[in-house]
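Trainee: I've got a model on my screen and I'm not sure how to read it. Can you walk me through it?

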Amino acid sequence: MIANGHKTSILVPSQLPEFIRDNPDYENFVLFLQAYYEWMELPNTSNSLVTTATTQQGVTHASKNLLEYRDIDETIDTFTSHFYNEFISYFPNEILADKDKVIKLAKQLYQSKGTPASFQFFFRTLYNSDVDFFYTKDAVLKASAGKWYISKSLKLGSSDLNFLATNNLRAFGETTKSIATIENSVLAKGKIEVFISDIQRLFQSGEFIRIVDGNNQDVYFKDGVIVSSNTVGSTVLRAKLVGQISQIRVTPTRRGLLYEGANTSLGYLGDPIVVYGGLDSADGIGVSATIGETTKGSIQSISIANAQGILLGGFGYSQASTTLPNTGVINITNAGGAAAEIGGVNTALTFVGNSFYNPISTISFIPNDRIGSKTAGNPSIEETPYLFDTANGFILHAGVSLGLAFANNKIYTSNANVNYSFANIAISNATSNLAYSLSFAPAFNTYPISSVIITNQGGGIKTTPTITAQSLYKSQDTVSTSDLGALGILGPIKIDTKGTGYVANDKINIIGGSGYGAFANVITVAANGAILNVAYVYSTTTVRHPLGGMGYRLDALPTLTVTSSAGANAVLSITGIVGQGAVFIPTFDRVGSITKINISDYGEDYISPPNVSFKVQDVVVTNISPGNYPVRGDVLYQGADVNTASYLATADSLSLVQNDLDPTKSLYILRTYNYSSTPNIARPILANNRTYSLNISSGYASTILTQFAGINSQRYANGVITYGDGTATGFATFLNGLTLGAGKYLDSSGQPSSFDVLQSTNYNNYTYQITLEKEIAKYRTALLNLLHPTGMKVIGRFAMKSNNDFDISISDALQTGNTLYNFTANVASAATISSNGDFNQLSSNVVSFSSLPWSGIANLANIFTTNTVISFGNQANDSFYGIVNTVNTVANTVTLKNNVWLSMINVARGSAVSGSNTINISNVYTSSYNLFNNGNYSSNNPIVDIIQVGDFIKLNNEVKLVTNVNYTSNNKILTLANNFTYSNTGNISVNKVFTTKAANVQIIKITSAGYT
């Protein structure tokens, strides 16, 4: 609109010459001119009183309002299209939003181009539809992308509880002037440990630490509260920094082999580590550390053990076979599925120095029949002509018995006219000799093992596996094979000295031993009568045994002499037992290499880095007199002196394990380190510049071999436990009292999971995905021209949505529901959902019932049927709902069709002290628990709902049962069922135990239903 003062029509009379303006004859002319200018001053006809169809506006009006037309709210229709072309040219012509309003927001839209907000605005404008925007890079697995945290702490020589209220204040070193921010403080073993961050420079061991505020001014405390400086009884907190080591690290290239890490299920803390030196005085407290974790590996090869040049391949074996009467088997235990077989045997004459023997053992006269049935009343196909007599355990021909007397003095009737059908005699009856009635396996040769082939290397091996060999032979027993080594047949005879003057068939006398039935002769001799070959022979009596006899043992082998009329000086010996004696040495792939070290006590009063030894032995000793005990640092040895000793080591500690009235007979475990070899049990252990003489004892062997489920059984021999192979090395880091934690990831980023994918053409840093209820073809051009960032790729997903209306009503549906108490009449009856602290079981669909007044829940079988609904609420007002799938009336459980989430990670952060059963919670995280309860908590203190009595918590892999909670505005303390093994500060995970009493358990069964 033109202001009156700016209208030309008003000025027309004054602009005309006086002779026209004042002449009545020109009055109509003047009025015409005024009307003409008034017409040119008319506004847009859409805003005027003109009712004609014209859309023109006065020229003067348009020219004098051009500046106002810059505003979309004031412009004219003629200019509107120009606005659209200039500012939103890439928008489709038909959009649901008001274009004028879109133009007003165009600047902000272009400034936020490519952001999720810009896409939300674009599709809301275009289709009035929400869009789901997703960067595919967020789903890509990124190695080592997790947040790594290493705790830093200082131990102070004070037990003042006011230090526990110093969170977010500063620790100030009075000597070094170093400053650090305090994150948390705990009381650990009578001393304050403060966890710090933002440390400017190292503190100095032994200096005093003062607590100051953000302006480095003293802070005054009283009764655990910050007060003003003029408060009576207030004090400034100040304490001496106790010197601790920071860390112990293993040398990356020297991690050793065959070490054993901690095993919490067995109560084993891990192999010991000895830390020595670095303390300011002898009264200082040393570091306590053990091996935490080790690598697992596989078997790479298996070789035959060698003793003084002799391969210990045993005797009486053959290669694996399905057709020969004998087969060799390699047994491997504790090897994660590893398997092997005999690869070769030794058939050649074997020389050991001047001695020699023929390695071949001929096995004969082994019964081939069986008497009795492995099937105990269920005869196999081969037994169908016979019946099994369960009273005495023999297979008998139909209708007969053997007529033998048993322990109960019962005589079973025999029949001399009935054939018992034994294999080796035409007619075998009650008068037959049983031995002659049996058949025998054909003779076969066996040999020492010369090589082993691995068929499966196994995996997950942490300790040395046990490898043994068996020599099995076949009989008519179709159920199993028999162990040749159990028969106790003597192995080959070794000729140590040939002697002279002997002749063939000279008798070899087999004297003593534990067995019987072995006979042998000289077979061939040289021209001078030297014995060249010997062999076992059968007895000349009617009683026959296998060649080499039976019942002999390796620990009680017989001796040999030769009876000869002229021979002399021959020396013969037995090599072993057939089917026994093979010794194997496996080669591993990094089995038991150290990967983690657990430190239970970082020590006190250190002034320099200590030394670390992974070369540790425990020796069971006796003969210790009171007052003359070995002490740390004693140099131990076996031999004449230290310089010529066969064994050298340094004493670390001494502990009594078995007391005796005679002190010198008490048993001790002497821990040594930096040993040179394994001590000899037959020789005393002496100490340089000391007077004691220790005897090694094997008297404590039974305890060592059985404790911790036998974890040390393979490492113990003759009173000595050797930990690992002793090749690992490492070092301690000393940062003047600053202690560094082991480090941990605060989240699961960078760790493989079912939510992450590998980078690909669609999942990368340069692709985004949008999902809405439109095909991408309809908006691709506008999107690419308007918002799409250069160099990016877009993926469009079509979200289908049904707009159909469903009118569902339930008719004639009766739901009958009662509480569990209604059925049990016992208020103590309860329902529980739990995985008993198993954090690997994230959820469960099993409801267990307890305190039922009957055996099982069979009485509720008509209630707990498929599709029965069960619901209950727990003590935190969490509600659970499930539909029954199956019922187990033996275990008192119901399996639901849906699962209940039990394990939530990183719900809080807290600290615990070794030897204590409490946790101090410093922070509460609700993000993971929100997935369970949708963020609805019963109070403004979420931990009340998250962790409760009866739940299990996990702090740094130590799982504990919560027995008490103390939640106040100032303290959040959990009491646990047992103590912590290690001091820990970190994130806490919870494994919930949901339980409630009978009155809160609702059982609903749909008795009938009809749906429309």
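**Reading the model step by step**

Mentor: Sure, starting with confidence. This is a predicted model, and the protein has a mean pLDDT of 81, with 84% of its residues at 70 or more.

Trainee: Which residues have a pLDDT below 50?

Mentor: One stretch is residues 371-414, where the pLDDT is below 50. The model still gives that stretch 73 contacts beyond near neighbours in sequence. Another is residues 808-814, where pLDDT stays under 50 and the model has 18 contacts beyond four places in sequence. Where pLDDT is low, the predicted coordinates shouldn't be read in detail.

Trainee: Okay, what about the overall picture? How many helices and strands does the protein have?

Mentor: The secondary structure comes to 14 helices and 66 strands. The protein has 1012 residues, and 41% of them count as buried. If you take contacts between residues at least 6 apart in sequence, 69% join residues at least 24 apart. As for the surface, about 52000 Å² is accessible, and 51% of that belongs to carbon and sulfur atoms.

Trainee: Now sheets. How do I read one?

Mentor: Strands of a sheet pair through backbone hydrogen bonds, either parallel or antiparallel. Then you look at the strand order. Here's a case: three strands make an open sheet in the order S9-S8-S10, with antiparallel pairing.

Trainee: Which strands stand at the edges of that sheet?

Mentor: Strand S9 (225-227) and strand S10 (235-236). Each has a single partner strand, so one side of each is left without a neighbour in the sheet. For the pairing itself, strand S8 (residues 220-222) and S9 are joined in the antiparallel sense over three bridges. You can find one on screen: Lys 222 has Val 225 in S9 as its bridge partner.

Trainee: Is there a sheet with another kind of pairing to look at?

Mentor: Try the open sheet of three strands with the order S1-S51-S52, where the pairing is mixed. Its edge strands, S1 (132-135) and S52 (793-798), each pair on one side only. From one strand to the next, the twist averages 20 degrees. Strand S51 (residues 767-772) pairs with S52 in the parallel sense over six bridges, and Tyr 768 stands opposite Val 794 in S52.

Trainee: Which helix lies across S1 and S51?

Mentor: That's helix H8 (residues 116-127), which runs at about 30 degrees to S51.

Trainee: Last topic, single residues. Is Ser 666 buried or exposed?

Mentor: For this you need the cut-off: buried means under 20% relative accessible area. Ser 666 has a relative accessible area of 1%, so Ser 666 is buried. You'll find Ser 666 in the loop between strand S42 (647-658) and strand S43 (667-673).

Trainee: Which residues is Ser 666 in contact with, leaving aside neighbours within four places in sequence?

Mentor: Val 621, Thr 622, Leu 656, Gln 658, Asn 659 and Asp 660. With Asn 659 there is also a polar contact of 3.1 Å between the side chains.

Trainee: Let me try Ser 246. Where is its place?

Mentor: In the loop between strand S11 (238-242) and strand S12 (247-250). Use the cut-off again: Ser 246 has a relative accessible area of 0%, so Ser 246 is buried. Apart from neighbours within four places in sequence, Ser 246 is in contact with Tyr 602, Thr 733, Phe 734, Leu 735, Leu 738, Thr 739 and Leu 740.

Technical notes. Residues are numbered from 1 along each chain as its sequence is written. This is a predicted model: local features need pLDDT of at least 70, side-chain atom pairs count only at pLDDT 80 or more; totals for chains, interfaces and linings use all residues. Side-chain values use heavy atoms; hydrogens and water are left out. Helices (H or I, at least four residues) and strands (E, at least two) are DSSP runs, numbered from the N terminus. Buried means under 20% relative accessible area, exposed over 50%, partly exposed in between (1.4 Å probe, protein chains only). A polar contact is a pair of N or O atoms within 3.5 Å; within protein, one must be able to donate a hydrogen and the other to accept it, and residues adjacent in sequence count only if both atoms are side-chain atoms. Contact means heavy atoms within 4.5 Å. Two strands pair if DSSP finds at least two bridges between them. pLDDT is the predictor's confidence in each residue, from 0 to 100. Axes are lines fitted to C-alpha atoms, for helices over the stretch in contact, and angles run from 0 to 180 degrees between N-to-C directions. Accessible areas come from the Shrake-Rupley method with a 1.4 Å probe; for residues, only the protein chains shown count as cover.
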